[in-house]
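The following exercises ask the student to read a protein structure step by step. Each task is followed by a worked solution.

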Amino acid sequence: PGGELRDVHTMTDGKDLEAEIHPLKSENRKVPENTGGPAGKEPRGTPAPQTRLSRCRTAAFFLSLFTCLLVVFVVSFIIPCPDRPASQGVWRIDYNAAVAYDFLATEDVNKDKIQDILFLYKNTNSSRGNSSLSCADEGFSCPCTFVAAVSGANGSILWERPVAQDGAFVECGVLQPRGSAAPSACIVLGRPGPLVAVDTLTGKTLWSQPSSFGGNASILSPLLRVPDLDADGAPDLLVLVQEENQVNGYIYSGGTGQQVSPPDSLGVEGTSGSILHVTRAGAHYVLVPCGTALCSRSVKGLYEKVSGRDSSLKSDPLWEDMLSATSHRLLVHSSGAIRYLMNVPGKAGDDLLLVSAEACMLLDGQDLTPRWTFGTTQVLRKPVLGHYKPNTPAVLVENGTGSDRQVLLLDLGSGALLWSQALPGLPGDPPSASLPTADHRSAFFFWGVHKTTGSNQTEPGATGRRLYMLHPTLPSVLLELDSVSAPIVAFQVVLLELGRHAACVLLTGPASPNPPGLVSVTKQKVQDLVLGGRVVRLAESGPESDQAVRDRLSRLRYRSEA
């Protein structure tokens, strides 16, 4: 009996082992429960439920796999990809017998994801036949000022139309109220002329309102955007006008062009270069250079005084205490007349960069105390912001003129000198520019004429003014990108295609009020200029060849300011 029990256990263990190795085979051999058939008999010809479920799962898997492959095939090979506009590396458009104005702006006009170029020129009519409106159609005598939009991809004219008699102040990208015919507009104020909003997508007039300035009024550029005071959903515009011995402020609706409030005097005699500054308390103040002082007025006070209505805007008690009630002047320790005034990023809000005849000074944006002062001799162009070290703001200053000119890069936080180079300039050189790069620095672009080491002569073969590029990773190398002999009216380095390429845009020709001549708008891809550029070594540099320097700079990737 004991032997028989061992045999039974052995047989049982063998069946269990086989069941573990072949679970499906074992399940197929099991007799279904509750079938109602006689005990011990297995129904034949009917597959087990588990077998049918397994087959259904297999079929569902292959069906879904086939569907996915079919969708991928259709999307990849049958449905065509949308055509991406081919962006030309270089293009140029010309206007004969015209004059140009110092204005360039970029906006995606035709919605092809490439920034387009907007500019001003003066001519008898649209010399390229792209405008259905003449000067007379808009009430102007010939010649008059046109605003034009050209494609950033290939230079084709998108639209152009007359907007003023002789020059204009332009502010683009002004948002329009909800329900408007256009999401944004370019606001044009003629000299003289009406206040006109132009749809940037089509060039059509959204609204037009006559200006109410006096006959001897002088408009102080630029047009300043202020918060929405009339609650129409669009930012309003503040126009500062010099009338006789005082500056008057006119506030216009950005959505309709109507005057929001009567003009009010700032009680000062100022100059161009005014800015809108927001204090730490969130209060908006207009700052106007007034000789060696700063003149100011809160937007809230300016609006409430003349309109008699309350405003939701804030005022800053500290600034109100610092402001003189009679002269509206702020006490600043400026050595010489103020030439430029800029909002610059600070640790707790915007600070103020003040450039006078003898020094550059950074002022605290709240209490106006000097953070640092850097002595200069003569700064004739507006400084340019950028980043010399990663994520560390810097400012480029052109100090001196002619053969004594120097290009300086200062740390914005401390005023320390980061980089300097003697680079003689020519009269009429355009301002410098900068463009952020993917390594959180900036590429800097400036004009001049580099001299050979130990000589007072410029490089052989030099014709006209030349454009140079500096990147902080190669501080001992400049790259000469281009040489231009025509008068340069406006110059920008812009990112036309996000994540793709940057471009230099030049507006050349006679500037108003000079006699008319050939006006040209030219776009050149920065990468192409770099690959064909000439390497200028400022000091003994590393073992890299000129071609290696060009290749290295051509691989730079640029990013937007945001």
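Two strands are said to pair if DSSP finds at least two bridges between them. The model examined here is a predicted one.

**Exercise 1. Determine how strand β18 is paired with strand β19, and how the two are connected.**

Step 1. Strand β19 covers residues 359-363, and 4 bridges join β18 to β19. The rule for pairing asks for at least two bridges.

Step 2. The two strands run antiparallel. One bridge can be named: V355 has C360 in β19 as its bridge partner.

Step 3. The connection is a hairpin, with 2 residues between β18 and β19.

**Exercise 2. Describe the pairing of β17 with β18, and state the order of the strands in the open sheet.**

Step 1. Strand β18 comprises residues 349-356, and β17 pairs with β18 in the antiparallel sense over 8 bridges.

Step 2. Particular residues can be matched across this pairing. G346 is placed opposite G349 in β18, and V344 has D351 in β18 as its bridge partner. A hairpin of 2 residues joins β17 to β18.

Step 3. The open sheet has 4 strands in the order β17-β18-β19-β20, with antiparallel pairing. Its edge strands are β17 (338-346) and β20 (370-375), each of which pairs on one side only. Neighbouring strands of the sheet are turned by 20° against each other on average, direction ignored.

Step 4. Of the 8 residues of β18, 6 are buried, so β18 is largely enclosed by the rest of the structure.

**Exercise 3. Classify the ring pair of F61 and F62 and the ring pair of W419 and F446.**

Step 1. The structure holds 10 aromatic pairs. For F61 and F62, the ring centres are 5.3 Å apart and the planes stand at 75°. Planes over 60 degrees apart count as edge-to-face, and therefore this pair is edge-to-face.

Step 2. For W419 and F446, the ring centres are 6.2 Å apart and the planes stand at 40°, so the pair is tilted. This pair links distant parts of the chain: W419 belongs to strand β24 (residues 417-422) and F446 to strand β26 (residues 442-448), 27 residues apart.

Step 3. The surroundings can also be compared with a cut-off, since buried means under 20% relative accessible area. W419, at 7%, counts as buried, and F446, at 1%, is buried as well. F61 and F62, together with L65 and L69, make a nonpolar surface patch of about 430 Å².

**Exercise 4. Which parts of the chain are tied together by the salt bridge between R297 and D264, and are these two residues buried or exposed?**

Step 1. Side chains of opposite charge can pair when their charged atoms come close. Between R297 and D264 the N to O distance is 3.0 Å, and the cut-off for a salt bridge is 4 Å.

Step 2. R297 lies in strand β15 (residues 293-298) and D264 in strand β12 (residues 259-265), so the salt bridge ties together parts that are 33 residues apart in sequence.

Step 3. R297 is buried, with a relative accessible area of 9%. D264 also counts as buried, at 9% relative accessibility.

Note on methods: Residues numbered from 1 in each chain as written. Predicted model: local features only at pLDDT ≥ 70, side-chain atom pairs only at ≥ 80, totals over all residues. Heavy atoms only, no water. Patch = residues over 30% accessible without salt bridge, like charges linked within 9 Å, V, L, I, M, F, W, Y side chains within 5 Å. Areas by Shrake-Rupley, 256 points an atom, 1.4 Å probe, with all protein chains shown as cover. Salt bridge = Lys/Arg side-chain N within 4 Å of Asp/Glu carboxyl O. Phe/Tyr/Trp six-rings, centres within 6.5 Å; stacked < 30°, edge-to-face > 60°. Buried < 20%, exposed > 50% of the residue type's maximum accessible area, 1.4 Å probe, protein only. Axes fitted to C-alpha atoms, helices over the stretch in contact; angles between N-to-C directions.
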